[in-house]
Amino acid sequence: MAILSNLNSLVTDLQKKSYLAYAFTRSALYMGQFESLYRVSKAFSPLVEVPTPYRDKAVEEFLMADVKSLYEEDAKLFIEKISPWVLLKPESLPTHFFRFSKILASGVKMSKIRKEKTHKKFKPSIDLSKYPDYFKRTFHFQVDGYLSTDSAELYNHQVEIIFNGTADAMRRMVIPVIHDATMGNSQKKILEIACGTGRATEMVAKSFTKNHLTATDLSHAYLVKAREKLNLDNVDFMQAAAEELPFKDETYDIVYSVFLFHEIPEEVREKAVAEMKRVLKPGGTLIILDSIQVDDEPRYHEALRRFPIDYHEPFYKSYTQWPLEKALADHGFQSVESKRGFFSKIAWGKK
Ligand SMILES: C[S@@+](CC[C@H](N)C(=O)[O-])C[C@H]1O[C@@H](n2cnc3c(N)ncnc32)[C@H](O)[C@@H]1O
């Protein structure tokens, strides 16, 4: 018996070490791309500043430990078999670096956009007619914003560059909360709001293969990409605005969103929470994962201040001043909890 338990802990330890080696190597790959992207962008616009907060020694030490604890939490999902290891399968290097070359080119175009302040100007082939004003803008290194398939192709990769390879692990913070909310019941219906190109969708769908997941987003182009990548029996996609969901009251057991709320103005945020609540069944769980907010971690204050400037995120600052926990409580959610993981925070509550 003792031998078996020793063997088990040896395997767990090996799995954890392998995961950490994988995750930090992946981070190093994206950190290198971060430096190159910034240097190339700066060469084309004096307005671009290579972000400095992480150059502070104390913050850097804290940050390394913080990322490690994010990764250790993430490792548990695989070790405890909540999520399948296949989610960590890397793409081929030629595909990766070919896309990175496109991201560099987009960095150069973005420098021009910054210089000329043309964040709301799109090429004529893009149909803007069906989208609200707040949605029609470029951001990060996405010259077409959420509005083209070219942009959709670059999106996940450039988000990982910005977060030095931690974005996927931060997204996966929704999984333990969904795990607790489903309690192994395959009848529980899940709704994702703002699925983008389907990164979190894939993680959730492959972790809860017996549950049905409806994934929605406002962007037609991003949904096209998500559908193209994910052809899973337990997922369907639908174009929908978070503030006007096309579902009947009390349809879903779990409703979640990842990285949506910092992208929308406050009045839309309020409507979105109300809509997410409306479509939840009584006792259902609402989960919102997004950036950390003011006072969540003082050592990241400078990064919080720079983020909307570096990445053209006009609603980010007001989002950071809109505490998620209070928003959920104000909308009548019970047992509200939250947890920070590196630069993200997840908050959840029961209807
Ligand atoms: C930062 S991305 C996050 C995407 C995805 N959840 C992820 O983890 O990569 C924000 C997403 O919100 C979508 N979005 C923005 N405003 C929206 C709205 N009002 N309703 C639904 N989706 C919206 C965008 O199209 C985009 O896909």
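Helices (H or I, at least four residues) and strands (E, at least two) are DSSP runs, numbered from the N terminus. The model is predicted: local features need pLDDT of at least 70, side-chain atom pairs count only at pLDDT 80 or more, and totals for chains, interfaces and linings use all residues. Residue numbers start from 1 along each chain as its sequence is written.

**Exercise 1.** Determine where phenylalanine 342 and aspartate 295 are placed, and classify each as buried or exposed.

*Solution.* Step 1: phenylalanine 342 sits in the loop between E6 and strand E7 (344–350). Its phi is positive, about 50°, although the residue is not a glycine.
Step 2: aspartate 295 belongs to the loop between E5 and helix H10 (301–311). Aspartate 295 is likewise not a glycine, yet has a positive phi of about 75°.
Step 3: apply the burial criterion, with C-beta atoms placed from the backbone: a residue is buried if 20 or more other C-beta atoms lie within 10 Å of its own, exposed if 12 or fewer, and partly exposed in between. Phenylalanine 342 has 23 C-beta neighbours inside 10 Å and therefore counts as buried. Aspartate 295 has 11 such neighbours, so it counts as exposed.

**Exercise 2.** Establish the strand order of the open sheet and identify its edge strands.

*Solution.* Step 1: two strands pair if DSSP finds at least two bridges between them. The 7 strands follow the order E3-E2-E1-E4-E5-E7-E6, with mixed pairing.
Step 2: strand E3 (235–239) and strand E6 (334–341) are the edges, each pairing on one side only.
Step 3: for the pair of E2 (residues 213–217) and E3, there are 5 bridges and the strands run parallel. Within E3, phenylalanine 237 stands opposite alanine 215.

**Exercise 3.** Explain why helix H7 (residues 199–207) is described as largely enclosed.

*Solution.* Step 1: 8 of the 9 residues of H7 are buried, so the helix is largely enclosed by the rest of the structure.
Step 2: the buried residues are Arg199, Ala200, Thr201, Glu202, Met203, Val204, Ala205 and Ser207.

**Exercise 4.** Characterise the residues around the ligand by proximity and class.

*Solution.* Step 1: a residue is near a molecule if its C-beta atom, placed from the backbone, lies within 6 Å of it. Of the 21 residues around the ligand, Ala194, Gly196, Leu218, Ser219 and Ala242 come nearest.
Step 2: Ala, Val, Leu, Ile, Met, Phe, Trp, Tyr, Cys and Pro count as nonpolar, Asp, Glu, Lys and Arg as charged, and the others, Gly among them, as polar. The shell comprises 14 nonpolar, 2 polar and 5 charged residues.
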